[in-house]
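Biologist: Got a minute to go through this chain with me? Let's put it on screen first.

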Amino acid sequence: MPGSFKISSHQLMSLILLYSVGTVILHTPSPLASFAKQDAWLAAFLGTGIALIFVWFYIRVGN
């Protein structure tokens, strides 16, 4: 079919990972710091772990 394309699982993984990291870097720090105060490092650590689980899930579904 002209104009159709497929992406590989590696390309999907790269897209999801870059989107997730970009979103976390741009949107999360300010609200997280204002809500968690001195425990913001712990919330960021746990949030990153949870986000990586979602990335893994998206990649599994994509495969």
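Biologist: What radius of gyration does the chain have, against a compact globule of 63 residues?

Modeller: Bear in mind that this is a predicted model, where local features need pLDDT of at least 70, side-chain atom pairs count only at pLDDT 80 or more, and totals for chains, interfaces and linings use all residues. Residues are numbered from 1 along each chain as its sequence is written, and side-chain values use heavy atoms, without hydrogens and water. The globule rule, 2.2 Å times the number of residues to the power 0.38, with the radius taken over C-alpha atoms, would put a compact globule near 11 Å. The chain itself has 16 Å.

Biologist: Which elements does the chain have, in order from the N terminus?

Modeller: Helices (H or I, at least four residues) and strands (E, at least two) are DSSP runs, numbered from the N terminus. There are zero strands and three helices. So, by that DSSP numbering, the order reads α-α-α.

Biologist: Which residues of α3 are buried?

Modeller: Buried means under 20% relative accessible area, exposed over 50%, partly exposed in between (1.4 Å probe, protein chains only). Across the chain, 10% of the 63 residues make that cut. In α3 they are Ala40, Val55 and Ile59.

Biologist: And Phe57, how does it count by relative accessibility?

Modeller: Phe57 sits in helix α3, residues 40–62. Its relative accessibility is 44%, so Phe57 counts as partly exposed.
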